Amino acid sequence: MKRTIAPLTIIAVIMLSFFYSCSDGTSEYIGTWRRMPEGDSLYRGFTLGGNGIAASLNQTETQYNAWHRKRDTLWLSGKHFCDTAVTPFTDTLIVKKKNDRWLVVIHNGTTLKYERE
């Protein structure tokens, strides 16, 4: 008896292979990342959620609302609040190291180390 593979099975395997080969590891960044700035007693950071949603952590003048990542670059977008002005911005973070616990980035020439909450 000859066995054949159903066409839908072949299509499903191809689609799954494509999905996994195109995955850029963005889901590994989802979570809350915080750091203790020098001379401060309050953690600062951000939360990266699914669907590109972001939020600030203990930053009253900065409100993140979106994020995305490509290769070793992470972009955080939002608004700065200063006096009566609200200014949109995008921060560019170059990822130098990332594991399950730490995220080390360079932002405007400064190395910042965030810990996963």
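What pattern does the protein chain follow when read along the sequence? The pattern is α-β-β-β-β-β-β-β-β, which amounts to one helix and eight strands. The model is a predicted one. Of the 117 residues in the protein chain, 26% count as buried.

**Overall chain**

- The protein chain exposes about 8,500 Å², and carbon and sulfur atoms supply 55% of that area.
- Among contacts in the protein chain with a separation of 6 or more, 25% are between residues 24 or more positions apart.

**Nonpolar core**

- In soluble globular proteins, nonpolar side chains tend to be buried together.
- Here the largest nonpolar core has 16 residues.
- F46, L48, L76 and L103 are the residues with the most contacts inside this core.
- Two or more core residues come from each of strand 2, strand 4, strand 5 (73-82), strand 6 (85-98), strand 7 (102-107) and strand 8 (110-116).
- Strand 6 gives the most to the core, with three residues.
- Leaving aside residues up to four places away in sequence, L76 touches F46, L48, A54, Y64, A66, W67, F89, T90, D91 and L93.

**Aromatic pairs**

- A pair of aromatic rings is described by the distance of the centres and the angle of the planes.
- The whole structure contains three aromatic pairs.
- One of them joins F46 and Y64 in an edge-to-face arrangement, with 6.2 Å centre to centre and 85 degrees between the planes.
- This pair links distant parts of the chain, as F46 is in strand 2 (residues 44-48) and Y64 is in strand 4 (residues 62-70), 18 residues apart.
- F46 has 1% relative accessibility and therefore counts as buried.
- Y64 also counts as buried, because its relative accessibility is 9%.
- Ring pairs link F46, Y64, F89 and Y114 into a cluster.
- Two members of this cluster, F46 and Y64, are also among the residues that L76 touches, as is F89.

**Charged groups over rings**

- R34 lies over the face of Y43, at 3.9 Å from the ring centre.
- K98 lies over the face of Y29, at 5.5 Å from the ring centre.

**Salt bridges**

- A search of the whole structure finds three salt bridges.
- R34, the residue over the face of Y43, also meets E117 in a salt bridge, with an N to O distance of 3.9 Å.
- R34 lies in strand 1 (residues 31-35) and E117 in the segment after strand 8, so this salt bridge ties together parts that are 83 residues apart in sequence.
- R34 is partly exposed, with a relative accessible area of 22%, whereas E117 is exposed at 55%.
- D40 and R44 form another salt bridge, in which the closest N and O atoms are 2.8 Å apart.
- D40 is partly exposed, with a relative accessible area of 28%, and R44 counts as partly exposed at 25% relative accessibility.
- The side chains of R101 and E115 also meet in a salt bridge, at 3.1 Å from N to O.
- The R101 and E115 pair links distant parts of the chain: R101 is in the loop between strand 6 and strand 7, while E115 is in strand 8, 14 residues apart.
- R101 counts as partly exposed, because its relative accessibility is 47%.

**Positive phi angles**

- Most residues other than glycine have a negative phi.
- Which sign does phi of N51 have, positive or negative? Phi of N51 is positive, at about 60 degrees, although N51 is not a glycine.
- N51 is placed in the loop between strand 2 and strand 3 (54-57).
- At 81% relative accessibility, N51 counts as exposed.
- D83, another residue other than glycine, has a positive phi near 55 degrees.
- D83 lies in the loop between strand 5 and strand 6.
- D83 is exposed as well, with a relative accessible area of 79%.

Methods
Residues numbered from 1 in each chain as written. Predicted model: local features only at pLDDT ≥ 70, side-chain atom pairs only at ≥ 80, totals over all residues. Heavy atoms only, no water. Phe/Tyr/Trp six-rings, centres within 6.5 Å; stacked < 30°, edge-to-face > 60°. Helix = DSSP H or I, 4+ residues; strand = E, 2+ residues; numbered from the N terminus. Buried < 20%, exposed > 50% of the residue type's maximum accessible area, 1.4 Å probe, protein only. Lys NZ or Arg CZ within 6 Å of the ring centre and 35° of its normal. Core = buried A, V, L, I, M, F, W, Y, C linked by side-chain atoms within 4.5 Å. Contact = heavy atoms within 4.5 Å. Areas by Shrake-Rupley, 256 points an atom, 1.4 Å probe, with all protein chains shown as cover. Salt bridge = Lys/Arg side-chain N within 4 Å of Asp/Glu carboxyl O.
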